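The following exercises are meant to be worked with the coordinates open. Try each task before reading its solution.

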Amino acid sequence: MSEYVDELDKAPEDPEEEYAKKEFGLLMYRLQKLPPRSRARLQSAFTQKMVDTTLAVDTPKGPLSFVLLGKSSAGRAVSLLTRQPATIAWIDAFKPGSVFWDVGASVGVYSLYAALGTDTKVVAFEPAAVNYYLLAANCEANRLYDQIDCLLVGLGREQAVARLEVSQFRPARSFSFRGKSGEPHQGRQAAVVLSIDQLVENYGLACPNYIKIDAPGASEAIVAGAARTLRRPELREVHVEVRESSKGGQRIIEMLGQGGFVAASRGEHGGSADVTFVRSAGG
């Protein structure tokens, strides 16, 4: 039974959580003992019920509901306002009627927050299938599917089919196009990759006013694929997670500078910085 309990946090916050943790382990143990047909019916019904039961998270703009699948999806939901406060402050400053591109949207916490209570139009990009499911499900749970377009697409320098190192059994986790050696439970998934320039020029997506790029290992290629879009006056700001001291970070800053952008603010977190680049007076 302990193998199921280990999937939960090891430090319950209160006695009720400790009790529920034990009951969960017992339930999973009993399910394993059932004949396959009975187990299939009960396990599928239990899973459906748990997915249908969303978690409500309060925000200054009102509550947001999140579909929970795996520990990481819960973590992203409950840390919405605290994990990257600079990103929240940046979104709060969007002008009315804006178009926001969320690149590397994962389960959509920032896409949902940007759309909630505003007329901001959001395009959320997420190439990992399991994360995309949660992204689209969260939009549905909050009835924001008409305001947020979710695209199962990766962004990069040019059009390609790439392979992700990602497990469909580990939802809401980070992943890599380049692989993470030694990562447990790792799988592979093919994904279509397009550039920002292609999406605007060839696919007719509205040019964004704001772009958030949170795609470790791919940010440089994403910015390189936006060379022409960066010069468009409609694009006001780019918010990117970057290690400014690294060679890749320096190349990103240089490309944004060539597009007419300068760093205006930054928020530190996890060894990186969320840097907001704004169009310079002469950009």
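**Exercise 1: a shared arginine**

Task: In this predicted model, R228 and E201 form a salt bridge whose closest N and O atoms are 2.8 Å apart; establish where the two partners lie, how accessible they are, and which network they belong to.

Solution. Begin with the location: R228 sits in the loop between α9 and β10 while E201 belongs to helix α8, so the pair ties together parts of the chain that are 27 residues apart in sequence. Next consider accessibility, where E201 counts as partly exposed at 40% relative accessibility, and R228 is likewise partly exposed, with a relative accessible area of 46%. Then look for a further partner of R228: the side chain of D197 meets that of R228 in a salt bridge with an N to O distance of 3.8 Å. This second pair also links distant parts of the chain, with D197 in helix α8 (residues 196-201) and R228 in the loop between α9 (219-224) and β10 (237-242), 31 residues apart. D197, at 4% relative accessibility, counts as buried. Finally, salt bridges with shared partners join D197, E201 and R228 into one network.

**Exercise 2: a bridge between strands**

Task: Count the salt bridges in the model, and describe the one formed by K121 and D149.

Solution. The count comes to 8 salt bridges. One of them joins K121 to D149, and their closest N and O atoms are 3.4 Å apart, which satisfies the 4 Å cut-off for a salt bridge. Since K121 lies in strand β4 (residues 121-125) and D149 in strand β5, the pair ties together parts that are 28 residues apart in sequence. As for accessibility, K121 counts as partly exposed at 28%, and D149 is partly exposed with a relative accessible area of 33%.

**Exercise 3: two cysteines**

Task: Decide how many disulfides the structure holds, and explain why C150 is not bonded to C139.

Solution. A search of the whole structure finds 0 disulfides. For C139, the nearest cysteine sulfur is that of C150, at 3.6 Å. Because a disulfide requires sulfur atoms within 2.5 Å, the distance of 3.6 Å between the sulfurs of C150 and C139 is too far for a bond. Both side chains can then be placed by accessibility: C139 is buried, with a relative accessible area of 1%, and C150 is buried at 15%.

**Exercise 4: the faces of a helix**

Task: Check the length of helix α2, and find which of its residues are buried.

Solution. At 1.5 Å a residue, the 19 residues of α2 (residues 15-33) should span 27 Å, and the 28 Å between its end C-alpha atoms agrees with this. The buried residues of α2 are K21, G25, M28 and L31. Seen down the helix axis, these buried residues fall within an arc of 125°, so they line one face. On the face turned away from the buried side are the exposed residues P15, E16, Y19, K22, R30 and K33.

**Exercise 5: positive phi**

Task: For R143 and A172, state phi and decide whether each is buried or exposed.

Solution. Most residues other than glycine have a negative phi. R143 instead has a positive phi near 55°, and its place is in the loop between α7 (129-141) and β5 (148-151), where R143 counts as exposed at 66% relative accessibility. A172, also not a glycine, has a positive phi of about 65°. A172 lies in the loop between β7 (160-165) and β8 (188-194), and at 2% relative accessibility A172 counts as buried.

Definitions and conventions. Residues are numbered from 1 along each chain as its sequence is written. This is a predicted model: local features need pLDDT of at least 70, side-chain atom pairs count only at pLDDT 80 or more; totals for chains, interfaces and linings use all residues. Side-chain values use heavy atoms; hydrogens and water are left out. Helices (H or I, at least four residues) and strands (E, at least two) are DSSP runs, numbered from the N terminus. The expected span of a helix is 1.5 Å times one less than its number of residues. Buried means under 20% relative accessible area, exposed over 50%, partly exposed in between (1.4 Å probe, protein chains only). The arc is that of the directions from the helix axis to the C-beta atoms.
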